[in-house]
Structures are given as structure tokens and as C-alpha cells.
Amino acid sequence: MKRARRPSARGNRATGLIAAGALTLLLAGCGESVDPIERLGRKTTDQVQGGGGAGASAGPSPSKAADPSLAYKHWGLSRPLEFAPRPAQKPALPKAAPGRVPVVDRIPVPAGEKIVFVTFDDGREKDPRFLRQTADLKLPITMFLTDSVASSGYDHFQQLRDQGNGSTINNHTLNHPNLQKLSYAAQKAQICGQQDKLAQRFGQRPRLFRPPYGSYNDDTLRAAKECGVEALVTWRVSMQIRDLQYAEGSALRPGDIILAHFRGPAELKGSTETQMTTRMLQKIQEQGYRIGRLEDYL
């Protein structure tokens, strides 16, 4: 397992630093990053740019288990996934400043509850076998889609959403810029523009927003609020090609939000999206965690 540095949050110098109480702990870059444009921390985001295309990847054939309850074996797991039920009451989250959205990077789950949340970003890879994997495993994922790479396959993500697992589609901007480098107006155009596109395509405006690279400032929080977003979601743990990377410590912590990416062999050093996902789920199981649906807690 890899341990990441824990950088401090910094905002646009022209608008001042973000409030110290905001939960903005992000991950630093690592040598085996899933994606060089999403290096899990602000120390690297000024040096990279987005881009790329889509394509289906090779992977295991669809599950042929006679007993659907044994599908987990087909996908390389030693036992079925365990899922956390919907809480009776949503936990109290950090309060946002007036006219801003709250920032969430870990969910305050009840004491003693080992629950984590799985999220996938951008939408570059559209592997049909990932559809089968998530359906077989009944895996709920929170998707944050970028229009410039996901729109060519929005049908794929609609299928993911509609599998009955509780997966949702949320906002990751129009074309994945570093928002700290943009004016308030430009940030608002990126966020509201994708809100509009996703609402038109999927029939619902997203409640959640994730800034590219985890990079944001006070203008981002204001713009997101103006665009109808309810919370800005970052992360404390990321899935690399073969292992988890942590913002702090060397293991999962209750309430961790895990970042993964829709990626294929070209960016996973030959691994497929389904293989990467299996490794991530194995790590979650090895550490004794259940998987929760993020929207049940936000």
C-alpha cells in the first residue's frame, strides 16, 4: 500500500484562502497513478492537463454462474460484497458559509461502523464488461462525469445508473479544467453548463459536484451553489492500478470516500477497468469494510 502526502488547501490568492475548517484534505501524486491528469492533490495539478478519448477494454467474459449468488467468484472475490443499509438519519455534515456549498471528503458514519463509499470520475472508458461486473456484484457507484469525455457514451452511464444498484450520475465539469485558474464566471459556466447537459440528457440535475483534480477555491463554492449543487465532494483515498493510496495513514478509515476512474488498458498499464475494480474491492474486503451508497448519507 502507498501512503500519500497530505497537502494543505490553497485557494485563489485574489479571493483569499478557503476557510480553515473546510474538509479539503486531498492526496498527493504517486508513481503508479491511474491518470496523470488527476494526481490527487494540488501540488501536481498546475503541471498537468486533461484530455483523452474513449474505448472498450478487454476483460473477463460476462458472468455465467448458474447461481447468481456465486457471481462474486467469477469476478475474483473470495466472498460476496457486504453493503451498509441506508441510515435511519443522515449524519450532520460541515456547515457551509452563506452562499457556498459544503465540502465533504469523509462521511461521519456511526461509531464502530466500517463503511466506505465508491466513486468513479470522468467517463473516458466505457467498457461493457464493467456493466456486467457492477450488475453481478450489485455495486452502487457515484459517478462524476465530464462532458468532453463521457458524452460520446452517455448511454453507457445511463445503463450503469439504471441497473437497480442505486448508482447515480453527478457533475465533474464540461471539460475538466483546473478551476482555480479560472474566473468566477468561467467556473460557473463549467459547473452550470454540465448541470444543464446532464439534466437534459438524464432528466435530473445532479446534487453533487466534484472539481477536477480536487482543485477549488471560494469562487468554486459560490458558483456551485448558484448552479444548484448541494455539496462539493472530494476524497481521502484513491484507487491506483493495483492498490489504494491514502491521504493519511496506511489503511482505510470509516467514512472514507474512495476515488477511482473510468480507465482502460492504455492508462492502466495493460489492466482492464474490471481488473482494477476487482483489486479495489478486494482491498475493501481485506480491511473488513462494507460499501455504502454515498447519496444515502448526503
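In the predicted model, Leu232 is in contact with Val101, Pro102, Val103, Val104, Phe209, Pro211, Tyr216, Thr220 and Leu221, when residues up to four places away in sequence are not counted. Leu232 belongs to strand S7, and its relative accessibility of 0% places Leu232 among the buried residues, since buried means under 20%. One of these partners, Val101, is 131 residues away from Leu232 in sequence, yet the two C-alpha atoms lie 6.5 Å apart in space. Another of the partners, Thr220, also takes part in the contact that helix H7 makes with helix H6.

A comparable description applies to Ala224, a residue of helix H7. Ala224 has a relative accessible area of 0% and is therefore buried. Once neighbours within four places in sequence are set aside, the contacts of Ala224 are with Val101, Ile191 and Val229. Val101 thus appears both in this list and among the residues touched by Leu232. Ala224 and Gly99, separated by 125 residues in sequence, have C-alpha atoms 9.4 Å apart.

Helix H7 (residues 218-226) and helix H6 (residues 184-202) have axes that come within 9 Å of each other and cross at roughly 45 degrees. This angle makes H6 oblique to H7, and the crossing is right-handed. On the H6 side the contact is formed by Tyr184, Gln187, Lys188 and Ile191, and on the H7 side by Asp219, Thr220, Arg222, Ala223, Ala224 and Glu226. By residue class, the contact of H6 with H7 comprises four nonpolar, two polar and four charged residues.

A covalent link is found in this part of the chain, where a disulfide joins Cys192 to Cys227 with an S to S distance of 1.8 Å. The count for the model comes to one disulfide. Cys192 is located in helix H6, whereas Cys227 is in the loop between H7 and strand S7 (231-233), so that the pair, 35 residues apart, links distant parts of the chain. Both cysteines, Cys192 and Cys227, are buried. The torsion about the S-S bond of Cys192 and Cys227 is about -100 degrees, and the disulfide is therefore left-handed.

Helix H6 also meets helix H5 (residues 154-161), the axes of the two coming within 11 Å and crossing at roughly 70 degrees. With this angle, H5 is roughly perpendicular to H6, because angles of 65 to 115 degrees are assigned to that class. The residues that meet are Tyr154, Asp155, Gln158 and Arg161 in H5 and Gln194, Leu198, Arg201 and Phe202 in H6. These residues of the contact of H5 with H6 divide into three nonpolar, two polar and three charged.

A further helix pair is formed by H3 (residues 128-137) and H8 (residues 273-286), which pack at an angle of about 30 degrees with their axes 9 Å apart. Angles under 35 degrees count as roughly parallel, and H3 and H8 are therefore roughly parallel to each other. Arg129, Phe130, Gln133 and Leu137 of H3 make this contact with Glu273, Thr274, Thr277, Thr278 and Leu281 of H8. In the contact of H3 with H8 there are three nonpolar, four polar and two charged residues.

Backbone geometry was examined at two residues. Lys138, in the loop between H3 and strand S4 (142-145), has a positive phi of about 55 degrees although Lys138 is not a glycine. Its relative accessibility of 54% means that Lys138 counts as exposed. Asp122, found in strand S3 (residues 115-122), likewise has a positive phi, near 75 degrees, in a residue other than glycine. Asp122, in contrast to the exposed Lys138, counts as buried at 2% relative accessibility.

For the protein as a whole, eight helices and eleven strands are assigned. Of its 298 residues, 57% count as buried. Among the contacts between residues at least 6 apart in sequence, 76% join residues at least 24 apart; the contact of Leu232 with Val101, residues that are 131 apart in sequence, is one example.

Terms used: Residues are numbered from 1 along each chain as its sequence is written. This is a predicted model: local features need pLDDT of at least 70, side-chain atom pairs count only at pLDDT 80 or more; totals for chains, interfaces and linings use all residues. Side-chain values use heavy atoms; hydrogens and water are left out. Axes are lines fitted to C-alpha atoms, for helices over the stretch in contact, and angles run from 0 to 180 degrees between N-to-C directions. Helices (H or I, at least four residues) and strands (E, at least two) are DSSP runs, numbered from the N terminus. Angles under 35 degrees count as roughly parallel, over 145 as roughly antiparallel, 65 to 115 as roughly perpendicular and the rest as oblique. A crossing is left-handed if the near helix is turned anticlockwise from the far one by less than a right angle, and right-handed if clockwise. Contact means heavy atoms within 4.5 Å. Ala, Val, Leu, Ile, Met, Phe, Trp, Tyr, Cys and Pro count as nonpolar, Asp, Glu, Lys and Arg as charged, and the others, Gly among them, as polar. A disulfide is a pair of cysteine sulfur atoms within 2.5 Å. Buried means under 20% relative accessible area, exposed over 50%, partly exposed in between (1.4 Å probe, protein chains only).
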